[in-house]
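User: I'm new to this one and would like a close look at a single part: the place where the ligands sit. Could you walk me through that part and then show me a few other spots along the chain?

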Amino acid sequence: MTQRIAVLGATGSIGDSTLALLAAHATDFEVYALSGHSRLDKLFELCQRFKPKRVAVPSAAVDSFAQRLQAAKLDIDVVGGEAGIVDIAQDSQVDTVVAAIVGAAGLPSTLAAAKAGKRILLANKEALVMAGPLMMQAVKDNNATLLPIDSEHNAIFQCLPRAIQQDNSQIHQQEHGVRKLWLTASGGPFLHQSYEQMQAASVAQAVNHPNWSMGQKISIDSATMMNKGLELIEAAHLFDLPESQIEVVMHPQSIIHSMVEYSDGSVLAQLGSPDMKTPIAHALAYPERIASGVQPLDLFALAALEFTRPDLEKFVCLRLAREAMQSGLLATIALNAANEIAVAAFIDEQVKLTDIALINEQTLDNMAQQSLQSPKHIDDIIAVDQLARQLATAQIQALLA
Ligand code: NDP
Ligand code: MG
């Protein structure tokens, strides 16, 4: 049967890879809905090409976008803003939601998809960092299916037995023998550079990832290794393990995408060319397999695979993420929010790359003094997120003063 897909964040990097796969397998998948935010010309072209039934744009753009579609004789329902994206995520016609909006902006629709019992292909790791327990509970309560497409988490998922893939609480069953998870990290563009060189980095240098082509925010997160920190938190929620059972190892070649270690000493790894079309294809077709068009891995051409310990003095954000996970949800929400504000300030050339970690750490310290209750509801989460954004913004003002 044809899977009807909503691609949320269709105009981004994950959106591109997903739509390339959907186009290549047009008989198996129907592009039912798309969403975009600032790149509306691109979204319009996608509407012409894929002819979805529904499209979400920012509220202020609904009328003009609808007129544009009408003039092109495209009969597509246009919805606006966050409410529009949420409406698509829970649309009864949608089987699968590709959650590929970047940052906290993706949380409401990802959670709505879980509550509506959808099959979710999760790229939006920030949703789990902000609301892991709520998300995982909503998935369980509503029989949703959560398939990670973040390459590391997809690799771990593939290395786990089917019983754990279908019910993550099974990971604690002794018979499965899962001892720990190994998250691999490329180290980004500054792996072999000093802290001082990182301090002087331009935006162009920071987004210039050696192995992966990605959106701007995640590229900068990779340069600071905040991305691996967010992924550590993501993995803890997805696979129901404490952070102490998740190890990060530097692996600059990005060929092993992550690993699972078992009690008998076996370590299972998933390997492949660094191309997001592989994990996306895996999740689209799961439990079957489809062609992704990705360059096959040429083992003869691989000179060596290296592994080293991460430098937590240089990559402060990775340490902060581990501490935040130990501390709890308030801290992980605050870390994510502060990081979004700090990354935006770096892109605006207001602060240095290395200031991101300082802003994040200071915001975490300031949040810890607020004596707040751990949030139980999405509204509480958003309130904590907003407060942390204010604290981080104040921190930036102080740095600039
Ligand atoms: P991009 O920046 O390329 O794309 C982000 C998407 O989100 C775009 O469609 C963008 O719309 C949309 N968007 C941005 N802000 C808003 C908003 N406020 N409201 C609604 N939509 C918004 O990012 P990526 O595709 O690289 O990343 C997407 C997610 O996937 C992130 O969470 C990232 O961490 C994760 N991920 C990405 C990987 C990659 O290889 N790219 C790998 C693993 C995970 P527009 O462009 O029209 O403004
Ligand atoms: Mg990743």
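Analyst: Here is a walk through the two ligand sites, followed by some backbone oddities and a few buried residues. One thing to keep in mind from the start is that this is a predicted model, and every value below is computed from it.

Let's start with ligand 1. There are 24 residues around ligand 1, and the ones that come nearest are T11, H37, S38, R39 and E126. Two of those five also make short polar contacts. A polar side-chain atom of S38 sits 2.6 Å from an oxygen atom of ligand 1, and R39 likewise has a polar side-chain atom 2.6 Å from an oxygen atom of ligand 1. The backbone joins in too: a polar backbone atom of G215 is 2.9 Å from an oxygen atom of ligand 1. How much of ligand 1 does the protein cover? On its own, ligand 1 has 890 Å² of accessible area, and the protein covers 89% of that.

Which elements give two or more residues to the shell around ligand 1? They are α1 (13-24) and α6 (125-141). Sorted by class, the shell around ligand 1 holds 11 nonpolar, nine polar and four charged residues. You can also place ligand 1 in the overall layout. Residues of the shell come from domain 1 (3-148) and also from domain 2 (158-195 + 204-273 + 295-301), so ligand 1 lies between the two domains.

While we're at this shell, have a look at L128, which is found in helix α6, one of the elements just named for the shell. L128 is buried, at a relative accessible area of 0%. Its C-alpha atom is 9.8 Å from that of A104, and the two residues are 24 apart along the chain.

G36 is another one to find. You'll see G36 in the loop between β2 (29-35) and α2. With a relative accessibility of 10%, G36 counts as buried, because anything under 20% is called buried here. From the C-alpha atom of G36 to that of P58 is 7.8 Å, with their positions 22 residues apart along the chain.

Now for ligand 2, which is a magnesium ion. Its protein donors are D150 (OD), E152 (OE) and E231 (OE), and they lie 2.0 to 2.1 Å from the ion. Along the sequence, the donor residues follow the spacing D-x1-E-x78-E. That spacing ties together distant parts of the chain: D150 is in the loop between β7 (145-148) and α7 (151-159), whereas E231 is in helix α12 (residues 226-239), 81 residues apart. Are D150 and E231 buried or exposed? D150 is buried, with a relative accessible area of 7%, and E231 counts as buried as well, at 1% relative accessibility.

Next come the backbone oddities. As background, most residues other than glycine have a negative phi, and most peptide bonds are trans. K51 goes against the phi habit: K51 is not a glycine, yet its phi is positive, at about 45°. You'll find K51 in the loop between α2 (40-50) and β3 (54-57). D240 does something similar, with a positive phi near 55° in a residue other than glycine. D240 is found in the loop between α12 and β9 (246-250), and α12 is the helix that holds the donor E231. D240 is partly exposed, with a relative accessible area of 34%.

For the peptide bonds, look at Y286 and P287. They are joined by a cis peptide bond, with omega about 5°. P287 is in the loop between α13 (277-285) and α14 (316-327). From P287 you can hop to M259: the two are 28 residues apart in sequence, and 19 Å apart in space, C-alpha to C-alpha. M259 is in strand β10 (residues 256-262), and M259 is buried, with a relative accessible area of 10%.

One last stop is further along the chain. Which residue pairs up with A337 in space? That would be R389: C-alpha to C-alpha, A337 and R389 are 5.6 Å apart, although 52 residues separate them in sequence. A337 is found in helix α15 (residues 329-347), and A337 counts as buried, at 0% relative accessibility.

How values were computed. Residues are numbered from 1 along each chain as its sequence is written. Chains are lettered from A and ligands numbered from 1 in the order in which they are written. This is a predicted model: local features need pLDDT of at least 70, side-chain atom pairs count only at pLDDT 80 or more; totals for chains, interfaces and linings use all residues. Side-chain values use heavy atoms; hydrogens and water are left out. Donors are N, O and S atoms within 2.8 Å of the metal (3.2 Å for Na, K and Ca); water is not among the atoms, so sites may look incomplete. Helices (H or I, at least four residues) and strands (E, at least two) are DSSP runs, numbered from the N terminus. Buried means under 20% relative accessible area, exposed over 50%, partly exposed in between (1.4 Å probe, protein chains only). A residue is near a molecule or strand if one of its heavy atoms lies within 4 Å of it. A polar contact is a pair of N or O atoms within 3.5 Å; within protein, one must be able to donate a hydrogen and the other to accept it, and residues adjacent in sequence count only if both atoms are side-chain atoms. Accessible areas come from the Shrake-Rupley method with a 1.4 Å probe; for residues, only the protein chains shown count as cover. Ala, Val, Leu, Ile, Met, Phe, Trp, Tyr, Cys and Pro count as nonpolar, Asp, Glu, Lys and Arg as charged, and the others, Gly among them, as polar. Domain bounds come from an automatic or database domain assignment.
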